[in-house]
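Reader: Could you walk me through how to read the features of a two-chain model, one at a time? I would like the general idea and then the case at hand.

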2 protein chains.
Amino acid sequence: MGVQLTLDKVLERAVDLFPDRELVTKLPDGSVHRYTYGDAYDRINQLASALDDLGLDRGDRVGVVATNHYRHYELYFGPACSGRSIHMCNMRLPDHHFVHTIDDAEDRVIFVDPGLIEKVEANADDLDTVEQYVVLDDEVPETDLEPVTDYESLLSGQPTDYEWPEIDEDAEYGMCHTSGTTGLPKGVAYSHRAMYLHSIMGGHVDANGIGERDTILPVVPMFHANGWGLPYGATLVGAKQVFPSVHTDPETIARLIDEEGVTFSAAVPTIWLEMAEFLDENPEVDISNIDRLTVGGSAPPESLIRKYDEEYDAPILQGWGMTETSPLGTLSTLRKETAALPSDEQYEYRAKAGIPVPGMQTRVIDDDGEEVPADGETMGELQVRSPWVTDGYHNRPEENEQAFTDDGYLRTGDIATRDEMGYIDVVDRDRDVIKSGGEWISSVQLENELIGHEAVSEATVIAVDHERWQERPMAVVVPRDGATVDADDLEAHLAETFPSWWLPDVYEIVDEIPKTSTGKFDKKTLRDQFDVVLEAE
Amino acid sequence: MGVQLTLDKVLERAVDLFPDRELVTKLPDGSVHRYTYGDAYDRINQLASALDDLGLDRGDRVGVVATNHYRHYELYFGPACSGRSIHMCNMRLPDHHFVHTIDDAEDRVIFVDPGLIEKVEANADDLDTVEQYVVLDDEVPETDLEPVTDYESLLSGQPTDYEWPEIDEDAEYGMCHTSGTTGLPKGVAYSHRAMYLHSIMGGHVDANGIGERDTILPVVPMFHANGWGLPYGATLVGAKQVFPSVHTDPETIARLIDEEGVTFSAAVPTIWLEMAEFLDENPEVDISNIDRLTVGGSAPPESLIRKYDEEYDAPILQGWGMTETSPLGTLSTLRKETAALPSDEQYEYRAKAGIPVPGMQTRVIDDDGEEVPADGETMGELQVRSPWVTDGYHNRPEENEQAFTDDGYLRTGDIATRDEMGYIDVVDRDRDVIKSGGEWISSVQLENELIGHEAVSEATVIAVDHERWQERPMAVVVPRDGATVDADDLEAHLAETFPSWWLPDVYEIVDEIPKTSTGKFDKKTLRDQFDVVLEAE
Ligand SMILES: Nc1ncnc2c1ncn2[C@@H]1O[C@H](COP(=O)(O)OP(=O)(O)OP(=O)(O)O)[C@@H](O)[C@H]1O
Ligand SMILES: Nc1ncnc2c1ncn2[C@@H]1O[C@H](COP(=O)(O)OP(=O)(O)OP(=O)(O)O)[C@@H](O)[C@H]1O
Ligand SMILES: [Mg+2]
Ligand SMILES: [Mg+2]
């Protein structure tokens with residue numbers, strides 16, 4: 001057996017070369033916890049021994065229900081390096097989905113934040129596989145959970161030198177579930193090999209280029225596709241990391257960026273949209289330490305990317321990925337040719353999902369199974385292949401038969417275009433694309449243009465049934481505080497960019513758009529809410 | 001079988017995303033050949049079909065005896081992607097070593113440059129495994145070789161769409177032999193997996209950071225440890241590449257750097273020492289397009305690194321590696337802490353072999369099998385482990401028993417120190433380190449200081465036998481054109497840095513120092529030449 005691509009090597013590198021680099025957590029009570037990779041390493045070793053004492057065998061899963069903080073970080077490595085697996089639980093899922101994910105993963109132990117204990121308590125009766133609970137604190141609060149202990153007692157007295165077992169690189173180190181945007185969340189098991197490769201790729205100059213000089217703040221929850229791989233990628237290079245715990249409000253994030261010298265951060269667009277409103281109201285707050293923000297999970301509008309350049313000196317890179325892809329697939333980096341364009345034209349590319357990162361193969365396939373022309377317009381299904389793309393969902397044999405092509409590409413279910421420069425643009429999900437009279441209308445492109453209207457705070461577009469055209473677009477729009485908009489304004493705005501048959505038939509002005517557990521527009525709920533059939537005029 | 005880490009994927013990425021990027025060759029006749037990744041791809045496909053016609057089976061090796069040029073580049077991929085292996089032959093080896101390497105690799109076909117055909121002709125009678133010859137040209141010159149054809153006839157009429165077979169990532173794609181500095185060159189077989197990983201790592205910001213915006217000029221011969229992996233790493237990212245063929249003289253290299261916009265180049269120190277003399281005489285030539293030069297194979301002196309910064313605006317990074325390590329192991333990048341030092345102190349670190357690149361594990365082990373303290377002074381053997389370190393020499397079962405530790409580290413035979421910042425410094429080979437009265441003296445450190453003397457052009461230090469101290473250092477020095485030096489000057493110069501017991505007992509002033517096949521000082525020959533026993537005074 002050659003040298004295996006395992007996560008103990010990712011961790012050991014940080015400890016070997018950068019033992020004094022800091023891991024900083026803004027704790028729920030507002031105080032700041034600081035320690036180093038060296039300190040974390042000791043505790044990760046203790047954790048591994050504690051898992052032995054808990055009776056966890058090779059391959060067993062521990063569920064973690066936690067915000068982003070240093071103990072969660074320790075759980076990213078302790079189970080993995082000792083041959084178990086971390087199941088990163090999404091506590092924002094509705095209860096029946098939450099229970100399903102833990103059941104599906106067969107978690108034997110649940111590690112839970114004191115602040116999230118109610119979610120677990122409320123469902124504890126249904127968590128049949130769970131044998132014990134550990135509260136991520138130094139004491140056990142009032143709780144019905146049992147048996148239960150606290151994390152610090154668990155670690156206390158354990159030796160700080162665990163001998164990592166030999167692990168096959170194909171062994172599982174972790175599991176996440178998809179966001180549940182389109183239905184029941186699906187389980188994805190990750191191998192050591194996948195995340196090792198994803199971590200090296202994460203430092204590639206033509207990807208995120210995460211290096212030892214960076215300071216990384218993952219705003220994206222650590223349950224969302226491995227925190228987009230950031231805690232692992234940052235560890236490989238020994239970068240300083242900053243964890244916000246419960247404080248994902250724009251103000252705390254902005255101040256952490258400023259005070260801790262954060263150079264790289266990542267989250268879904270809604271976070272950065274909120275941040276923009278905050279920064280506009282608090283012009284004295286400065287986030288220009290940022291070298292790049294990776295924004296993905298859904299498409300950030302071009303207007304947001306411009307604003308972050310022009311007003312905050314914090315460049316946005318769009319990323320596309322999935323839970324199934326570890327997650328990074330494409331990134332809207334500029335290449336020699338697009339970097340040479342006038343900056344105004346560069347935005348056209350920066351607003352796309354981007355170029356496949358090294359190690360990722362992509363193609364866009366039409367209904368006949370052919371690659372679409374590289375014209376930036378013709379839509380097809382995005383298919384991807386890479387050593388860090390899953391080779392199947394957990395416990396879903398039927399889905400797995402559909403999910404892959406014969407030559408091993410994952411059918412993403414995303415509708416995309418590809419242009420002559422190799423940029424992929426994800427214009428919709430196949431379930432959300434609006435099929436109007438045999439032609440397709442991209443809901444995402446309409447959304448991005450709507451959000452560029454000065455009076456609009458949030459906007460989404462869904463398909464509604466139509467007697468004649470099968471489906472037609474409906475826009476759902478939240479005006480900015482104090483602003484008003486009407487359908488005529490919006491239609492005039494969209495008409496500047498799109499042909500008339502793309503323009504929504506209906507504009508609903510609302511106070512709020514429902515969001516999913518990972519902060520995406522919840523179109524499933526919206527479609528139920530606006531379940532109408534439009535008549536042919 | 002998951003997605004395999006194979007070189008067809010490295011190639012396909014360039015062709016998919018950067019089909020129009022150029023590969024430029026300065027041909028032997030001085031003219032320039034230009035084509036694109038798209039063009040090269042067609043020819044690589046043709047080459048694969050041609051290898052079928054030549055009757056080459058899976059795993060068979062083809063030997064390549066060639067300088068760096070586009071046809072050699074095609075041979076980097078054609079055999080590999082179609083399931084064969086390229087044996088990169090070092091034609092600068094003395095005949096008996098040259099024959100040994102081809103015999104050892106069992107090459108069935110030899111591809112040879114017209115300009116190197118004599119070397120092959122002179123040894124053809126001894127090349128027992130070779131069945132046919134292909135001359136890398138569009139016609140066959142006068143030659144005794146047979147059967148023989150020319151490369152262009154071989155490709156001509158072949159289809160441009162070969163279907164790559166499924167290849168296991170552990171399969172061999174290539175073989176190199178070590179430089180033969182210490183004895184018979186040893187064969188190292190490389191797996192697809194090793195070079196795929198080495199290529200992704202090569203783009204890591206904390207390694208060489210090779211990206212699509214770079215223009216890469218490998219001066220290092222493509223037979224020397226995969227051309228240090230550059231043609232593969234550059235292809236993964238679609239970077240423009242420039243090949244000098246026979247023109248490795250400073251003038252042509254400097255002009256190529258200037259005219260083709262070369263941002264990255266790599267070679268052994270002697271090349272850059274010669275370049276410095278040329279640039280000093282031709283101050284109008286400008287190499288400041290260079291972002292970084294990787295210099296390795298032996299240690300570049302600190303004075304060279306300073307000079308390239310100060311006078312040519314072409315920063316040097318020292319790299320350490322071996323044929324056995326694909327080759328990249330460590331790189332003298334600055335880390336946050338050393339980058340913050342005054343630039344004068346930075347040189348202390350930049351003159352070391354450097355920090356292990358992501359994916360490379362290193363340790364320095366003393367005679368008792370313990371890690372040496374991280375004090376930058378205590379010497380021990382450098383041991384390394386990585387998925388791109390070989391797991392054994394070809395056909396050398398006895399050597400292989402000695403070469404690895406029980407936990408899978410390669411014993412490099414290099415003597416090194418490690419400092420508190422994690423920098424490794426390779427101070428000698430175990431065969432060259434001078435064992436004086438039970439203490440060790442680093443020949444390399446003495447050399448680096450000698451070369452810093454203004455009147456010295458080249459210098460090396462070897463051990464000579466001593467009646468009382470077992471071994472003592474002898475310096476062998478080439479003065480600069482027109483300059484004179486004597487032992488007193490040199491001793492006074494060294495005494496500024498080293499304790500008196502380190503100072504050489506003898507200084508030999510010579511016209512030239514013999515070099516090995518890869519441009520290193522040939523200490524084996526020197527030791528034979530100065531085979532004396534010094535007497536105790
Ligand atoms: N840059 C982007 N632009 C557009 N869509 C994106 C982008 N990045 C991610 N997405 C969307 O997010 C999806 C992946 O999200 P995730 O894995 O979090 O679960 P989900 O697909 O939202 O939920 P589920 O699969 O359970 O329905 C992608 O398939 C794509 O639809
Ligand atoms: N930056 C460096 N500083 C000092 N020595 C170096 C450096 N880079 C490489 N070397 C030397 O080069 C060696 C690897 O060279 P290579 O594989 O070309 O063959 P060789 O060791 O010279 O020849 P052979 O193994 O056949 O004797 C290393 O083991 C080391 O001794
Ligand atoms: Mg999904
Ligand atoms: Mg060697």
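**Reading the model, feature by feature**

Author: Happily; let us begin with one charged pair: Arg363(B) and Asp407(B) form a salt bridge between their side chains, with N and O 2.9 Å apart. This pair links distant parts of the chain, since Arg363(B) sits in strand S17 (residues 361-365) of chain B, and Asp407(B) in the loop between helix H14 (397-403) and strand S19 (410-418), 44 residues apart. Please keep in mind that this is a predicted model.

Reader: Are the two partners, Arg363(B) and Asp407(B), buried or exposed?

Author: One of each kind, roughly speaking. Arg363(B) has a relative accessible area of 15%, so it counts as buried. Asp407(B), at 37%, is partly exposed.

Reader: What is the general idea behind such pairs, and how many salt bridges are there over all chains?

Author: Side chains of opposite charge can pair when their charged atoms come close. Here the count over all chains comes to 68 salt bridges. A good one to look at in chain A joins Arg43(A) to Glu152(A), with the closest N and O atoms 2.9 Å apart. Arg43(A) belongs to helix H2 (residues 37-53) and Glu152(A) to helix H6 (residues 151-155) of chain A, so the pair ties together parts 109 residues apart in sequence. Both Arg43(A) and Glu152(A) are buried.

Reader: Which residue forms a salt bridge with Glu337(A)?

Author: That is Arg335(A), and the closest N and O atoms are 2.7 Å apart. Look at the accessibility of each partner in turn. Glu337(A) counts as partly exposed because its relative accessibility is 28%. Arg335(A) has a relative accessible area of 5%, so it is buried.

Reader: Now the fold. How do I judge the overall form of chain A?

Author: Start with the radius of gyration, set against the value for a compact globule. For 537 residues that value would be near 24 Å, and chain A has 23 Å, which agrees. Along its principal axes, the C-alpha trace of chain A spans about 75 × 50 × 50 Å. Then look at the make-up: the secondary structure of chain A comes to 17 helices and 26 strands, and buried residues make up 64% of its 537 residues. Sequence separation is worth a look too. Of the contacts in chain A between residues at least 6 apart in sequence, 68% join residues at least 24 apart.

Reader: And how do I read a single helix, say H4(B)? Which of its residues are buried?

Author: Follow the residues that are hidden from solvent, then ask what they touch. In H4(B), residues 95-105, the buried ones are His97(B), Phe98(B), Val99(B), Thr101(B), Ile102(B), Asp104(B) and Ala105(B). They pack against several elements of chain B, among them strand S3 (61-65), helix H5 (117-123) and strand S9 (187-191). Just after the helix comes Glu106(B), whose phi is positive, near 55°.

Reader: Let us turn to the interface. How many residues of chain A are in contact with chain B?

Author: There are 46 residues of chain A in contact with 46 residues of chain B. The two chains bury about 3700 Å² between them, 53% of it on carbon and sulfur atoms. On the chain A side, Val3(A), Leu17(A) and Lys336(A) lose the most area to chain B, together 15% of what that side buries.

Reader: What polar pairing is there between the chains?

Author: The count between chain A and chain B is six salt bridges, and 20 residue pairs are in polar contact. In one of the salt bridges, Arg193(A) meets Glu169(B) at 2.7 Å, N to O. H7(A) gives the most to the side of chain A that touches chain B, with five residues. By class, that side has 19 nonpolar, 11 polar and 16 charged residues.

Reader: Where does Glu212(A) lie, and what does its side chain contact?

Author: Glu212(A) is in the loop between H7 and strand S10 (215-218) of chain A. Its relative accessible area is 4%, so Glu212(A) is buried. The Glu212(A) side chain makes a polar contact with that of Arg21(A), at 2.7 Å. Glu212(A) also touches residues of chain B, including Asp206(B), Leu334(B) and Lys336(B). To finish, a network of salt bridges links Arg21(A), Glu212(A), Arg213(A), Arg335(B) and Glu337(B).

How values were computed:
Residues numbered from 1 in each chain as written. Chains lettered and ligands numbered in written order. Predicted model: local features only at pLDDT ≥ 70, side-chain atom pairs only at ≥ 80, totals over all residues. Heavy atoms only, no water. Contact = heavy atoms within 4.5 Å. Buried area = accessible area lost by both parts, 1.4 Å probe. Salt bridge = Lys/Arg side-chain N within 4 Å of Asp/Glu carboxyl O. Polar contact = N/O pair within 3.5 Å; in protein donor to acceptor, adjacent residues only side chain to side chain. Helix = DSSP H or I, 4+ residues; strand = E, 2+ residues; numbered from the N terminus. Nonpolar A, V, L, I, M, F, W, Y, C, P; charged D, E, K, R; others polar. Rg over C-alpha atoms; globule rule 2.2 N^0.38 Å. Buried < 20%, exposed > 50% of the residue type's maximum accessible area, 1.4 Å probe, protein only. Lists of a residue's contacts leave out its neighbours within four places in sequence.
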